[in-house]
Amino acid sequence: MPLILQDTLDLGYLPAADSLPPGDSIPPLADTLPAADLWDAAAVYGTQSARVAQETAETAAGLGPLAGNGWFQILAIVVLALWCWMIYYFRGQAAMCLRSLVNFKPEDKFTAEHGHLYNGFVNFAVTITVAALGIMVVKTVSAVADPQSIALLPRWFVPPAALMVAAAAAAIIVLQFGVLQLIGKLTLAEELTGAVVQTKKLHLAAAAILAVPPIILYTGLNPVWDTILGYVIIAEVVAITAAFTVKTCILFMGQKVSLLVWILYLCAVEIFPVSLVVLLVVKNV
């Protein structure tokens, strides 16, 4: 007799389909987690974590996000080319300018002895100095500022920023010259103020001869050379400033003017405008 296999599985204990609870009976796990926008680096990575800016080709080379800009490099090369042309074309006047740093005769008489060509060289050299100053300021800001903040600036903004700094420096110099000439007319001391103006121009021209090459190198080298060139630039600026201060003191004493007036001139005309601009920039930055 054949065996008949029967299914002994009793399905009577399973509930009917219409009696099942609607939806998934397992609570969603995501509801127990905080929202993603509530997390911070300290909660995920620990309290010692810090956000690191993405390294770019400019920062890897030590140039900074501004100094590594191609247009900025072109501007620096243009200034260097103008400097080379100035040294070649005005080589005789440049040599006289450097010799005049240790010459203590009144500068208005000194420039009159060498004619209009020497005056043209001095004016052109002052322009080069102002342009190099704008480049150096942008490079310094690029080295010390927050890369994430600078990254928000468009790349085309860098050369105009250097030109704006140069324009601000030129405006300060023109203002100083205007104040000196006005004081000379009001006090009938035009000979003295004219000599001071020429002395200032002469030392700005000397700064163009001596300081422009290290400034241009300062914009394109790595941080190791930046430190060395920075000290070189500071030493040159301090030496030229000291020579200018001594020569103006001699000019005032030669005109029988009190040293108190000379100190007031330095504070009101030379120091106050520059310190005011630096203070405004530091406060806003």
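1. Two rings of Phe, Tyr or Trp (its six-membered ring) are taken as a pair when their centres lie within 6.5 Å. On that basis, a search of the whole structure, which is a predicted model, returns 6 aromatic pairs.

2. One of these involves Tyr89 and Phe90. Their ring centres are 4.8 Å apart and their planes stand at 85°, so the geometry is edge-to-face. As to burial, Tyr89 is partly exposed, with 49% relative accessibility, whereas Phe90 is buried at 6%.

3. A stacked aromatic pair is formed by Phe252 and Tyr265, with 5.5 Å from centre to centre and 25° between the planes. Phe252 belongs to helix H10 and Tyr265 to helix H11, so this contact ties together parts that are 13 residues apart in sequence. Phe252 is buried, at 6% relative accessibility, and Tyr265 is buried with a relative accessible area of 6%.

4. Tyr89 and Phe90 also deserve attention as part of a wider arrangement: together with Trp85, Phe121 and Phe124 they form one aromatic cluster.

5. Two contacts between a charge and a ring should be noted. The charged end of Arg91 sits over the ring of Tyr88, at 4.8 Å from the ring's centre. Lys200 lies over the face of Phe244, and here the distance to the ring centre is 5.4 Å.

6. The surface carries a nonpolar patch made up of Trp71, Ile74, Val78 and Leu82, whose accessible area together is about 400 Å². Of its members, Leu82 is located in helix H4, which spans residues 70–89. The relative accessible area of Leu82 is 36%, so this residue counts as partly exposed.

7. Backbone geometry merits a check at two positions. Most residues other than glycine have a negative phi. Leu188, although not a glycine, has a positive phi of about 55°. Leu188 is placed in the loop between helix H8 (158–187) and helix H9 (190–220), and its relative accessibility of 78% makes it exposed.

8. The second position is Lys256, also not a glycine, with a positive phi of about 60°. The loop that holds Lys256 runs between helix H10 (223–254) and helix H11 (259–284). With a relative accessible area of 76%, Lys256 is exposed. The helices on either side of this loop, H10 and H11, are those that contain Phe252 and Tyr265, respectively.

Definitions and conventions
Residues are numbered from 1 along each chain as its sequence is written. This is a predicted model: local features need pLDDT of at least 70, side-chain atom pairs count only at pLDDT 80 or more; totals for chains, interfaces and linings use all residues. Side-chain values use heavy atoms; hydrogens and water are left out. Patches are made of residues with over 30% relative accessible area and no salt bridge: like charges are joined within 9 Å, nonpolar side chains (Val, Leu, Ile, Met, Phe, Trp, Tyr) within 5 Å. Accessible areas come from the Shrake-Rupley method with a 1.4 Å probe; for residues, only the protein chains shown count as cover. A salt bridge is a side-chain nitrogen of Lys or Arg within 4 Å of a carboxyl oxygen of Asp or Glu. Helices (H or I, at least four residues) and strands (E, at least two) are DSSP runs, numbered from the N terminus. Buried means under 20% relative accessible area, exposed over 50%, partly exposed in between (1.4 Å probe, protein chains only). Rings of Phe, Tyr and Trp (its six-membered ring) pair if their centres lie within 6.5 Å; planes under 30 degrees apart count as stacked, over 60 as edge-to-face and the rest as tilted. A charge sits over a ring if NZ of Lys or CZ of Arg is within 6 Å of the ring centre and within 35 degrees of the ring normal.
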